[in-house]
Amino acid sequence: MAMAFKMATTGMWVADECKNSFMEMKWKKVHRYIVFKIDEKSRLVTVDKVGGPGESYDDFAASLPTDDCRYAVFDFDFVTVDNCRKSKIFFIAWSPTASRIRAKMLYATSKDGLRRELDGIHYEVQATDPTEMGMDVIKHKAY
């Protein structure tokens with residue numbers, strides 16, 4: 001009956017919906033991306049937005065706020081040089097320059113706890129502006 005998983009380092013909790021949504025993305029491919037946010041009052045990491053399987057990387061990037069931090073996972077599908085279809089899941093720690101210092105610190109200290117709950121992430125990207133998480137960065141890491 002556990003509603004959430006506690007992240008020991010910061011006292012944050014990860015809502016069950018976070019892990020459930022991630023598993024749906026990983027195994028059933030029903031989501032292209034998931035954006036997570038921290039509710040500072042309840043100290044709970046929750047799902048903020050979910051992108052459908054037909055959404056693009058540009059849709060995902062546009063879903064991130066320009067003035068607040070978020071965590072996100074993106075399922076990147078691609079074809080290798082051997083013509084083999086692959087999928088890699090990226091964890092993105094989004095901390096834009098315009099966000100509050102308190103939010104930046106909270107997200108930075110809580111990141112590892114959430115990552116531990118999301119089993120199956122291949123790569124991590126930390127970004128403070130869109131160029132640091134552009135499609136060229138994603139492709140370079142995936143190939």
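Modeller: Before we start, buried means under 20% relative accessible area, exposed means over 50%, and partly exposed is in between, with a 1.4 Å probe and protein chains only. This is a predicted model, where local features need pLDDT of at least 70, side-chain atom pairs count only at pLDDT 80 or more, and totals for chains, interfaces and linings use all residues. Residues are numbered from 1 along each chain as its sequence is written, and side-chain values use heavy atoms, with hydrogens and water left out.

Colleague: Okay, is N83 buried or exposed?

Modeller: N83 sits in the loop between β5 and β6 (strands are DSSP E runs of at least two residues, helices H or I runs of at least four, numbered from the N terminus). Its phi is positive, about 65 degrees, though it isn't a glycine. With a relative accessible area of 66%, N83 is exposed.

Colleague: And what is the relative accessible area of K29?

Modeller: K29 belongs to the loop between α1 and β3. It's another non-glycine with a positive phi, about 60 degrees. K29 counts as partly exposed, at 36%.

Colleague: Which element gives the most to the largest nonpolar core?

Modeller: A nonpolar core is a set of buried Ala, Val, Leu, Ile, Met, Phe, Trp, Tyr and Cys residues joined through side-chain atoms within 4.5 Å. The largest one has 24 residues, with F22, F36, V73, F91, L114 and L118 making the most contacts inside it. Elements supplying at least two residues each include α1 (16-28), β5 (70-79) and α3 (101-117). The top contributor, with 4 residues, is α3.

Colleague: How many residues are in the second core?

Modeller: That core is separate, and L64, A72, M133 and I138 are among its members. Its residue count is 17.
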